[in-house]
Amino acid sequence: MELTVRQLTIIELVKKHAPITGEQIAEALGISRPTIRSDLSVLVMLGYIDAKPKVGYFLGKVMTTEGRQSERFMNLKVKDVMNRPVVISESATVNDAVISLFVENTGFLTVTDEIGALTGMVSLKDLLKVTLGNANAATIPISMVMTRVPRLAFVSPEDSVLEAAKRMLDHQVGGLPVVQAFSQGERNRLEVVGRITKTNMTQALVDVTSGFIAE
């Protein structure tokens, strides 16, 4: 919710003069107390200010250092923290996938078809399952090993980082493809535009608490 100029001014008054009464705020603004009653209610509800009976208004949790950090993290979108995608063709083999995993130093690969649309995902765990004790595993098509789109979790660039974290936990994976929709004839397909991992989220949390992400 975007605050009005008057609401922002009220916050500044509270920041400078807390504890300050509603009458004092109204006087400083040159308006009547009833005129700002709704503004004060909104600011208290949103956590920007708080009130104590017979004391006055003071800054709320949102305006503390911890509150601002939490708000910034909650407002982060996937596009703010995602990495470039690591993609492999569905015509590739398990051997190709193993090489890509180690070269790119990643925990999963996104699999696409000939036009670049998402068809699946393969993880290190998937490859370990098929290679252990299988001398012919290297030549197996990756399409026989990957998790296919209907069962695949993914996010869009506009999803929140918090939503991405929830999906990772729900599906017990360490990362997700980041996709956006495009049309192919009458079909809706998914273009891979990035990837987000637990490492991205940890780095974002460190950046927010260290002040590297601007307010």
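Here, a residue counts as buried when its relative accessible area is under 20%, as exposed when it is over 50%, and as partly exposed in between. By that yardstick, R167 is partly exposed, at 24% relative accessibility. Keep in mind that this is a predicted model. The protein has 9 helices and 8 strands, and with a radius of gyration of 25 Å against the 17 Å that the globule rule gives for 215 residues, it is more spread out than a compact globule.

**Overall build**

- If you lay the C-alpha trace along its principal axes, you get a span of about 80 × 40 × 25 Å.
- Buried residues make up 39% of the 215 in the protein.
- Take the contacts between residues at least 6 apart in sequence: 55% of them join residues at least 24 apart.
- The accessible surface is about 12,600 Å², and carbon and sulfur atoms account for 54% of that.

**Charges and salt bridges**

- There are 23 positive and 23 negative side chains, and the centres of these two sets are 6 Å apart.
- The structure has 7 salt bridges, and a few of them are described here.
- D39 pairs up with R6, with 2.7 Å between the closest N and O atoms. This one ties together distant parts of the chain, as D39 sits in helix α3 (residues 37–46) and R6 in helix α1 (residues 5–17), 33 residues apart.
- The two partners have different surroundings: D39 counts as buried because its relative accessibility is 6%, under the 20% cut-off, while R6 is partly exposed at 33%.
- K79 makes a salt bridge with E158, and here the closest N and O atoms are 2.9 Å apart. Again distant parts of the chain are linked: K79 belongs to helix α5 (residues 78–81), E158 is in the loop between β6 (147–148) and α8 (161–171), and 79 residues separate them.
- Both partners of that bridge are partly exposed, K79 at 41% relative accessibility and E158 at 43%.

**The helix α8 cluster**

- R167 and E163 meet in a salt bridge, 2.8 Å from N to O.
- Why do R167 and E163 sit about one helical turn apart? They are 4 residues apart in helix α8, so about one helical turn separates them.
- E163 is partly exposed, with a relative accessible area of 28%.
- The pair isn't on its own, either: D159, E163 and R167 are linked in a network of salt bridges.

**The loop between α1 and α2**

- A18 and P19 are joined by a cis peptide bond, with omega at about -5°. P19 lies in the loop between α1 and α2. For background, most peptide bonds are trans.
- I20 is in that loop too, with α2 covering residues 22–29. Is I20 buried or exposed? Its relative accessibility is 5%, so I20 counts as buried.
- Leaving out residues up to four places away in sequence, I20 touches L13, V14, I25, G56 and Y57.
- One of those, G56, is 36 residues from I20 in sequence, yet their C-alpha atoms are 4.9 Å apart in space.
- T21 also sits in the loop between α1 and α2, but T21 is partly exposed, with a relative accessible area of 26%.
- Apart from neighbours within four places in sequence, T21 is in contact with V55, G56 and Y57.
- T21 and L59 are 38 residues apart in sequence, and 13 Å lies between their C-alpha atoms.

**Two unusual backbone angles**

- Some background first: most residues other than glycine have a negative phi.
- K54 has a positive phi, near 65°, and is not a glycine. You'll find K54 in the loop between β1 (49–52) and β2 (56–59).
- K54 counts as exposed because its relative accessible area is 90%, over the 50% cut-off.
- N105 is another non-glycine residue with a positive phi, in this case about 50°. N105 lies in the loop between α6 (94–104) and β4 (108–112).
- N105 is exposed as well, with a relative accessible area of 71%.

Methods: Residues are numbered from 1 along each chain as its sequence is written. This is a predicted model: local features need pLDDT of at least 70, side-chain atom pairs count only at pLDDT 80 or more; totals for chains, interfaces and linings use all residues. Side-chain values use heavy atoms; hydrogens and water are left out. Helices (H or I, at least four residues) and strands (E, at least two) are DSSP runs, numbered from the N terminus. The radius of gyration is taken over C-alpha atoms; the globule rule is 2.2 Å times the number of residues to the power 0.38. Buried means under 20% relative accessible area, exposed over 50%, partly exposed in between (1.4 Å probe, protein chains only). Contact means heavy atoms within 4.5 Å. Accessible areas come from the Shrake-Rupley method with a 1.4 Å probe; for residues, only the protein chains shown count as cover. Lys and Arg count as positive and Asp and Glu as negative; His and the chain ends are not counted. The place of a charge is taken as NZ of Lys, CZ of Arg, CG of Asp or CD of Glu. A salt bridge is a side-chain nitrogen of Lys or Arg within 4 Å of a carboxyl oxygen of Asp or Glu.
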